[in-house]
Amino acid sequence: MTMNNLHALVVFGFVSGLVSPSLATKGTAVYFTRYYPNACYKLPTGIKFVSLSDQYWDGGARCDKRYNVTCIGPRNQGSATPCTGESVVVRTIDHCVDCEQSIVLSKEAFTIIADPDAGTIDVEFTLLD
């Protein structure tokens with residue numbers, strides 16, 4: 001291997017380590033204000049929660065797991081520009097049975113990423129742990 005090839009390989013390895021593939025899931029979100037009782041049977045601490053639809057619930061394995069959620073656009077006529085540009089980390093506390101949305105956020109979490117008057121929003125969410 002020549003010195004130029006070795007140098008290129010080292011640079012490629014370094015850059016590859018900095019870039020990770022996006023594992024974000026796209027979906028829709030609304031908000032809720034009732035936190036207990038919930039399917040995870042825990043009293044929530046803090047105010048940033050998420051309830052997962054059937055598709056993401058995984059038979060309860062997602063209880064207490066954290067997600068990073070970002071608003072990426074409007075879904076309905078509630079607001080043309082609902083997103084604040086912020087992201088929020090939320091903890092899973094509930095299962096939203098037969099939900100039309102992918103996730104349902106606590107109102108406090110929703111307000112961090114979007115205008116609550118927006119109604120349903122498009123989001124990206126990533127499982128953190």
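The exercises below work through the strands, some loop residues and the nonpolar cores of a predicted model.

Residues are numbered from 1 along each chain as its sequence is written, and side-chain values use heavy atoms, with hydrogens and water left out. In this predicted model, local features need pLDDT of at least 70 and side-chain atom pairs count only at pLDDT 80 or more, while totals for chains, interfaces and linings use all residues.

**Exercise 1. The barrel**

Find the order in which the strands close into a barrel.

Solution. Start with the terms: helices (H or I, at least four residues) and strands (E, at least two) are DSSP runs, numbered from the N terminus. Two strands pair if DSSP finds at least two bridges between them. Next, follow the pairs around: 6 strands close into a barrel in the order β1-β5-β2-β4-β3-β6, with mixed pairing. Neighbouring strands of this sheet are turned by 45 degrees against each other on average, direction ignored; the axes are lines fitted to C-alpha atoms, for helices over the stretch in contact, and angles run from 0 to 180 degrees between N-to-C directions.

**Exercise 2. Parallel or antiparallel**

State the sense of pairing of β1 with β5, of β1 with β6 and of β2 with β5.

Solution. Strands of a sheet pair through backbone hydrogen bonds, either parallel or antiparallel.

- β1 and β5 are parallel, over 4 bridges; Phe32 has Ser106 in β5 as its bridge partner.
- β1 and β6 (residues 121-127) run antiparallel and are joined by 5 bridges; Thr25 stands opposite Phe125 in β6.
- β2 (residues 49-53) and β5 (residues 103-106) are antiparallel, over 3 bridges; Ser51 faces Val104 in β5.

**Exercise 3. Two loop residues**

Decide whether Asn38 and Gln101 are buried or exposed, and list what each one meets.

Solution. Buried means under 20% relative accessible area, exposed over 50%, and partly exposed in between (1.4 Å probe, protein chains only). Asn38 sits in the loop between β1 (25-32) and β2. Its relative accessible area is 4%, so Asn38 is buried. For its polar contacts, look for a pair of N or O atoms within 3.5 Å; within protein, one must be able to donate a hydrogen and the other to accept it, and residues adjacent in sequence count only if both atoms are side-chain atoms. The side chain of Asn38 reaches the backbone nitrogen of Cys40 at 3.0 Å, and a polar atom of that side chain lies 2.9 Å from the backbone nitrogen of Tyr41.

Gln101 belongs to the loop between β4 (87-96) and β5. At 18% relative accessible area, Gln101 is buried. Contact means heavy atoms within 4.5 Å. Leaving aside neighbours within four places in sequence, Gln101 is in contact with Thr28, Ala29, Val30, Ser53 and Thr120.

**Exercise 4. The cores**

Name the residues with the most contacts inside the largest nonpolar core.

Solution. Such a core is a set of buried Ala, Val, Leu, Ile, Met, Phe, Trp, Tyr and Cys residues joined through side-chain atoms within 4.5 Å. The largest has 21 residues, and those with the most contacts inside it are Val69, Val90, Ile103, Leu105, Ile113, Ile121 and Val123. The elements that give two or more residues to this core are β2, α2, β3, β4, β5, α3 (107-113) and β6. A second, separate core of 6 residues includes Val30, Phe49, Cys96 and Val104. Finally, take Ile103: apart from neighbours within four places in sequence, its contacts include Val50, Leu52, Val69 and Val123.
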